[in-house]
Amino acid sequence: MVELETRELEYFIAVADELHFGRAAVRLSIAQPALSKAIRRIETRLGVALFVRSSRHVALTAAGEALREHGRHALNAVSAAVRSARRAGDTQAHLRLVLKPGGDAGLLSPILAEYANQPDARRVDILFSGPADRTDFLRDGRADVGLLYAPFDDLDGLAHETLHTEDRVVIVPAGHRLAGCAAVRMSDLAGETLPRWKGVPGGDGTGPEVADVVQLLHLIVVGRMIGVLPRSLVEPVPAGVVCVPVTDAPPSHLVLAWNAQDRRPLLASFVTAALGTPQPGPEPSSPPTAVGRMITGN
């Protein structure tokens, strides 16, 4: 059986990412000749070439592509195992909660208050992340629990409980053709420019790339695009935009998620507190007025 040490995988991944031995050596804080020798030893042990080298160019072979994909997963798994072991043995560990900025539907404060009443409550560190990596925080151990949105976040392999269900709205600039509608259907959005979310592959967006709701709202205000989001992510809505319910968009579920293998009492206590927190009432199915209203912030 061919075995590679973790350090050797780290060397390989650095070169595979940089495709330059000099930059990879700087990244690893080792001498370039030593890195080159280490890569040659790996190739000899595996019996395959991992890189195509020339005086000006470094490229991955098919074998190198395969090792990069699986090797990165292996390194992440080792890192997650180390974090898990340290957390399990730390009797004073803090709880780390990851969410998107504003992505709590107003539930974060009441959940924290309910958890603080638990006899074994610990300090909760709040971590913010972009649209693409909240689940990574849970899978690799950087966070213990997260507030995620289904069906947008990948919940595969994560334990989760729904905290809140809400409708979705289209956000359009004031004066847009849909701004006066009481409600719309997804077909009414045909031909409109929708955002591309940073780090999220696929999707129907053809507009500028955005990293968060703040960037999205700025671009909507100036007429560059529209967006469809869970209602709570745009409340209170800033001046200059209109929120209109999308009647046939699937509902959004705010879920509490955590690693299914994590059975620590401090996590169970937090989950119990979150599920025991009074939840907001059902979202209205239509705006407070007869037409989609423009929110001025007053």
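**Exercise 1. The chain as a whole**

How much area does the protein chain expose, and what share of it do carbon and sulfur atoms supply? Then describe the fold in outline.

*Solution.* Before we start, note that this is a predicted model, where local features need pLDDT of at least 70 and side-chain atom pairs count only at pLDDT 80 or more, while totals for chains, interfaces and linings use all residues. Residues are numbered from 1 along each chain as its sequence is written, and side-chain values use heavy atoms, with hydrogens and water left out.

Step 1. The exposed area of the protein chain is about 15,700 Å², and 54% of it comes from carbon and sulfur atoms. Accessible areas come from the Shrake-Rupley method with a 1.4 Å probe, and for residues only the protein chains shown count as cover.

Step 2. Among the 298 residues of the protein chain, 41% count as buried. Here buried means under 20% relative accessible area, exposed over 50%, and partly exposed in between (1.4 Å probe, protein chains only).

Step 3. The protein chain holds eight helices and 13 strands. Helices (H or I, at least four residues) and strands (E, at least two) are DSSP runs, numbered from the N terminus.

Step 4. Take the contacts in the protein chain with a separation of 6 or more: residues 24 or more positions apart account for 69% of them. A contact means heavy atoms within 4.5 Å.

**Exercise 2. Aromatic pairs**

Find how many aromatic pairs there are, and work through the geometry of the pair Phe21 and Phe51 and of the pair Tyr115 and Phe270.

*Solution.* Step 1. A pair of aromatic rings is described by the distance of the centres and the angle of the planes. The rule is that rings of Phe, Tyr and Trp (its six-membered ring) pair if their centres lie within 6.5 Å; planes under 30 degrees apart count as stacked, over 60 as edge-to-face and the rest as tilted. This gives three aromatic pairs.

Step 2. For Phe21 and Phe51, the ring centres are 6.0 Å apart and the planes stand at 65°, so the pair is edge-to-face. Phe21 belongs to helix H2 (residues 21-28) and Phe51 to strand E1 (residues 51-53), so the pair ties together parts that are 30 residues apart in sequence. Phe21 and Phe51 are both buried.

Step 3. For Tyr115 and Phe270, the centres lie 5.1 Å apart with the planes at 65°, so this pair is edge-to-face too. Tyr115 sits in helix H5 (residues 108-116) and Phe270 in helix H8 (residues 265-275), so parts that are 155 residues apart in sequence are tied together. Both Tyr115 and Phe270 are buried.

Step 4. Phe12, Phe21 and Phe51 make up one aromatic cluster.

**Exercise 3. What surrounds H8 and Leu50**

Which residues of H8 are buried, and what covers them? Do likewise for the contacts of Leu50.

*Solution.* Step 1. The buried residues in H8 are Leu266, Leu267, Ser269, Phe270, Val271, Ala273 and Ala274.

Step 2. Their cover includes strand E3 (95-99), H5, strand E4 (124-128), strand E5 (145-150), E6 and strand E12 (252-259).

Step 3. Leu50 is in the loop between helix H3 (32-46) and E1, and at 1% relative accessibility Leu50 is buried. Leaving aside residues up to four places away in sequence, Leu50 touches Phe12, Ile42, Glu43, Ala59, Leu60, Thr61, Ala63, Gly64 and Leu67. The C-alpha atoms of Leu50 and Thr61 are 5.3 Å apart, with their positions 11 residues apart along the chain.

**Exercise 4. Charged side chains**

Count the salt bridges, then place some of them in the structure.

*Solution.* Step 1. A salt bridge is a side-chain nitrogen of Lys or Arg within 4 Å of a carboxyl oxygen of Asp or Glu. Over the whole structure there are 18 salt bridges.

Step 2. Arg231 and Asp167 form one of them (2.8 Å, N to O). Arg231 lies in the loop between strand E10 (227-230) and strand E11 (241-245), and Asp167 in the loop between strand E6 (158-166) and strand E7 (168-173), so the pair ties together parts that are 64 residues apart in sequence. Arg231 is buried, at 9% relative accessible area.

Step 3. Arg264 and Asp262 also meet in a salt bridge (2.7 Å, N to O), and both are buried.

Step 4. Glu18 and Arg23 form a salt bridge at 3.5 Å, N to O. Glu18 is partly exposed at 25% relative accessibility, and Arg23 is partly exposed at 44%. A network of salt bridges links Asp17, Glu18, Arg23, Arg27 and Arg72.
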